[in-house]
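Please look through the model shown here, starting with its cysteines and then moving to its interior and one of its hairpins.

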Amino acid sequence: MLCEPHYYVLQNTTVVDPYMSKNEKWLQAEHKRIFSSWFKRKIETELARPENKISQQIRWLAHEPKWEFLSYSGYVIGGYYYNTSNHDSRSTTQNSGVMVEAESLHMSTAKDKNPIYANMLYYGVIEDIWELNYTQFKIPIFRCKWVDNKGGVKVDENGFTLVDLNKEGDPNDQFIFASQAKQVFYVNDPNGGRWSVVLTRKPKLYDRGDVCDNIEETPSFSRGLLESDDIDNEDVAYVREDCEGIYVEEDTTSRKKRKRT
């Protein structure tokens, strides 16, 4: 259960970049199937040296998260209040919509030998909110169902971004840091059909009293987007409000099977 989110944490944490870049070709062949175990052995070997320079962050990342983790139905981070889609289904409000800007590999054809990397916006809904426990620190992540950008996202003649929430993207690429997310809302297209209009709102400080919604249209792809929060930013604070976390224990039997593959 935790192999994929742990790999995402390693792949998107700055201090791990040197290990990723040194093994780029190797990673392309073996991908995420065995990188986490290789990284763990690599750091253990370096820690065995008396004068190693391994940081505490690298040490505990390589150690992997604990098998038990907290799962939440609601989370507050970066001025946004998020819920899971399951929670939204029982509520009159919508807080499970998310948007993230990510770098993607683009190929003109399947035989393209010169693919390029470019930033794209991705839209989805939060399925799960987990807090991974790396002993010395915790990392909140969202497991999301993303809309497929090929056929599931478009910008109309008025500059509004529309999504087809039934067009699901890659089910093997679901996770993001909670700090990377920007909250969005989906409103049924007044013209009908399968499309929903994407709306965003600016982050708010959640404190006592009611918080007024400040909803605005999301920028189209050509208008750009504010830079996403960085996981290494120590100023990012997160809390849980009006909800209690549930401890989830990973199935150790299935974990061992995955290690043997």
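**Cysteines, cores and a hairpin**

Cys144 is buried, its relative accessible area being 1%. Cys3, by contrast, counts as partly exposed, because its relative accessibility is 37%, a value that lies between the 20% limit for buried and the 50% limit for exposed. In this predicted model, the structure holds zero disulfides.

Turning to the chain as a whole, eight helices and 14 strands are found, and 40% of the 261 residues count as buried. Among the contacts between residues at least 6 apart in sequence, 62% join residues that are at least 24 apart. On the outside, the chain exposes about 15,700 Å², of which carbon and sulfur atoms supply 47%.

Inside, the largest nonpolar core has 41 residues, and those with the most contacts within it are Val16, Phe35, Phe39, Tyr82, Val98, Phe142 and Ile176. A second core, separate from that one, has 10 residues, including Leu121, Tyr123, Val125 and Val153.

The hairpin of β2 and β3 can be followed residue by residue. In a regular strand, side chains alternate between the two faces of the sheet. Strand β2 (residues 74-77) is covered on both faces, with Gly74 and Val76 buried on one side and Tyr75 and Ile77 buried on the other. Strand β3 (residues 80-83) runs antiparallel to β2 and is joined to it by four bridges, with Ile77 standing opposite Tyr80 of β3. Two residues lie between the strands of this hairpin, in which Gly78 takes a positive phi near 60°.

Note on methods. Residues are numbered from 1 along each chain as its sequence is written. This is a predicted model: local features need pLDDT of at least 70, side-chain atom pairs count only at pLDDT 80 or more; totals for chains, interfaces and linings use all residues. Side-chain values use heavy atoms; hydrogens and water are left out. A disulfide is a pair of cysteine sulfur atoms within 2.5 Å. Buried means under 20% relative accessible area, exposed over 50%, partly exposed in between (1.4 Å probe, protein chains only). A nonpolar core is a set of buried Ala, Val, Leu, Ile, Met, Phe, Trp, Tyr and Cys residues joined through side-chain atoms within 4.5 Å. Contact means heavy atoms within 4.5 Å. Accessible areas come from the Shrake-Rupley method with a 1.4 Å probe; for residues, only the protein chains shown count as cover. Two strands pair if DSSP finds at least two bridges between them.
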